[in-house]
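Student: Can we go through this model term by term? I'd like to see how each label is earned.

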Amino acid sequence: MARKKKTSTPPSLISKIKNFSLTRRQEVILGSGLMALGAIFFFSFLSFLFTWREDQSELVDLGNRAVVTKNWLNQLGAWLGDIFVYKGFGIAAFSIAVLTILTGVYLFAAGKNFLSLSRKRILQLWFWGLLLMIWLSVVLGYFHNYSALLGGTVGFEINDLLQDYVGLIGSILILTFFAIVYLTLRLKLTPEKIAARFAKAKQTVENSIEDVSSHIESTDEEKDWEESVTHTATTTSEPTTENEIKKQPTTMKSGDMEINIAQEEEEELSPELEPTLKTTEKEVDLEVGEVIDEEQLIDNKASKLVEDFGEFDPTLELGNYQFPPIDLLKDYSQGKTITINEEELAANKDRIVETLKNYKIGIAKITANIGPTVTLYEIVPEAGIRISKIKNLEDDIALSLSALGIRIIAPIPGRGTIGIEVPNQKPSIVSMRSVISSPKFQKAEMQLPIALGKNISNETFVVDLAKMPHLLMAGATGQGKSVGLNCILTSLLYSKHPAEVKFVLVDPKKVELTLFNKIERHYLAKLPDSEDAIITDNSKVINTLNSLCIEMDQRYDILKDAMCRNIKEYNAKFKSRKLNPANGHKFLPYIVLVVDEFADLIMTAGKEVETPIARLAQLARAVGIHLIIATQRPSVNVITGMIKANFPARISFRVMQKVDSRTILDSGGADQLIGRGDMLYTAGNELIRIQCAFVDTPEVEKITDFIGSQKAYPDAHLLPEYVGEDGGTSLDISIEERDSKFRDAAEVIITAQQGSASLLQRKLKLGYNRAGRIIDQLEAAGIVGPFEGSKARQVLVPDLNSLEQLLNEEKNS
Ligand SMILES: Nc1ncnc2c1ncn2[C@@H]1O[C@H](COP(=O)(O)OP(=O)(O)OP(=O)(O)O)[C@@H](O)[C@H]1O
């Protein structure tokens, strides 16, 4: 910077001084000389303050060796004191001593950055220090009467001169003005600050001078950040408050804008600089931490929501919902367990041993497991007996035991023994109550627990429908299928809140599931435009199945959006408030579709139902839609390969023919069941014989009454709307193409002022599809309004006369 000036402008005195350079040795010699001179000044002045009176008389003879003065530096001290203090600037002359020492220090320690001194700073120091000295001596000139030493002769004379021309007040104002100009230019202080500083400076003149010199050191523009940090550290060592440390340096560095700006920057930056430099690395670490925090923001927000409101409770809307009490179920066994008829057991054993003996099958050991309806005799054959031999003799053994329902299990899977199931003479009913109240069911940690009944060891058999994931159920009429379905539905009613599971019930027989109508607004799901939740019309089933497919697709979309693999994960995420309902997320209830007579459905609708059923069976598991399909006729054209492939879990009640057993279970056995709820269950591997729990219609009625009497949702759970291919959405229907019952239908609708297809079905004895088509024709004719979801369509013609008029107009046009 200095060199630049040298080349660009003619060298001034200042630049000459600036550029004046000394050798290092010269610097040391000159530096130490100046320090010594400064010390001489200082001690001379100091001593002069106390000895000037005594020495003053001697001053005339100064230079005479015989003259003895009191000053610590003798004649020199007395002379210097007289010149600088008495005749000069009074006590302000000390600044000359200080400035000389500092200059000496600068030269002596040049290159060491000692006290952050630089050549420029030294020049500034002298400039401002001398100005300050003059100003101070003039000010102290007011107090000349108290002591001639305070302001010195120069101070007194200038003060006197000022007072002669402008008076006392004028001189004070002028000096104050200079002080304000000085402080304002230098420090950019407000008047309040200046006044405060001024008062302080007045009180602590000497301290201020020292402070000035030390703090001015920190204003060099050329010094780097490190220097500024050092300076800050230096100033903090002084016995001043932190605020004062920040302010003092600026107090004494007015005048030079460039330096001033630098000083300001320094003042702003230096307090933060040190921590910034020191913590640069730490802050990087902290930033990394913040990133992690940000990633967890959603979680944090979710956990905050959970903290504030608790987990989302899907049951809250029906918060007071009471699960049906166990007392509603009848206890058929009156608490008694299975009665063991020892005689029967012994007789059966003897007959088994004897029969097998006839076929030359020796028995090593025989044990009996007594179940509710059958007893399993487990036989360990003698060594060398082939299992297949026993299996082949199944019918003969059964004949010999002369009992229906003998099933030979050879071998019992995983045991290596042969099982012979013999029905009990007095089978005991497995009550629904006993299975519902069993710990196995009560403590089952399953999504959709179903207590099917009791197995051969009289243990409650509980399975998870969500794991099945769909169930195919077959059995000849009167063998316990309907009871089985009720048993499944009852299990779910006892374990799941209405918010958690919804049933879609298809009951072509129209009687089996009607009882569940009472819980329509609690547990049932239906199509938006259908009146009854329980579907009894096969043609509606197609729409319902397709609607379920739409529901399935929609659920897959929201699961994808929530990045969840299945409904369980999704609902858990939703409950912990990690999914925003504003983005279309909602708690998803399980949907269980129950079709009571599938054969009937296939016969009437054929492929139209098979396709959506197969699609649901293949895909709906993950989104919580499960199918339970029951059929009386397990023939191959009902239970097709496609259906079978997607229903690994199957239940068979008694069937009449072995072939039916094979169709449903892929093996025989179901034809040898004894009926009345005796069933075989398979989840794809072994067959398990279970006595289905018995729940009678009055019990189901009590349960549905109990639930139905409680506060319900405003409507049944609505499935997505499905408009079938033949739904007749086209409104360009010509008059000729109108249904023959069009006129009748229009009259019915207008008379009732209710635009519903089901009204037409009832009044005109029409099928669903035809009624739907007529409604569309009525809409095209402007008789009814457009489809309005669950509500009936608006009727646009007020009376029959208007209808007549409308139709006539149509003809004429
Ligand atoms: N688990 C069971 N325990 C005891 N008895 C049962 C059981 N299941 C069914 N039964 C008896 O069998 C009868 C017929 O049962 P259910 O009505 O369930 O037969 P189904 O197979 O549905 O017949 P359909 O197909 O004709 O409707 C019942 O009335 C009952 O007496």
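**Labels and cut-offs**

Tutor: Sure, and let's start at Lys481, which sits in helix α19. Helices here are DSSP runs of H or I with at least four residues, strands are runs of E with at least two, and both are numbered from the N terminus. The model is predicted, so local features need pLDDT of at least 70 and side-chain atom pairs count only at pLDDT 80 or more, while totals for chains, interfaces and linings use all residues. Residues are numbered from 1 along each chain as its sequence is written.

Student: Why is Lys481 called buried?

Tutor: Buried takes 20 or more other C-beta atoms within 10 Å of the residue's own, exposed 12 or fewer, and partly exposed is in between, with C-beta atoms placed from the backbone. Lys481 has 26, therefore it is buried.

Student: And what makes Gly478 exposed?

Tutor: Gly478 has 12 other C-beta atoms within 10 Å, so it is exposed. Gly478 lies in the loop between β7 (471-474) and α19. The UniProt annotation "binding site", from an unreviewed entry, covers both Gly478 and Lys481, among others. Such annotations may be inferred rather than shown by experiment.

Student: Which residues is Lys481 in contact with, leaving aside neighbours within four places in sequence?

Tutor: Met473, Gly475, Ala630 and Phe653. Contact means that the two C-beta atoms, placed from the backbone, lie within 7 Å.

Student: How many residues surround the ligand?

Tutor: 14, and the closest are Gly480, Lys481, Ser482, Gly677 and Phe694. To be near the ligand, a residue needs its C-beta atom, placed from the backbone, within 6 Å of it. Helix α19 (residues 481-495) gives the most to this shell, with three residues.

Student: Why are the buried residues of α22 said to be on the same side?

Tutor: Those buried residues are Ile567, Tyr570, Asn571 and Phe574. They cover an arc of only 95° around the axis, which puts them on the same side of α22. The arc is that of the directions from the helix axis to the C-beta atoms. In general, an α-helix has 3.6 residues a turn, so residues three or four places apart point the same way. The buried residues of α22 pack against α21 (538-561).

Student: What makes the span of α31 close to the expected one?

Tutor: Expected span is 1.5 Å times one less than the number of residues. Helix α31 (residues 800-812) has 13 residues, with 18 Å expected, and reaches 19 Å from its first C-alpha to its last. α31 is also hardly covered, with zero buried residues.
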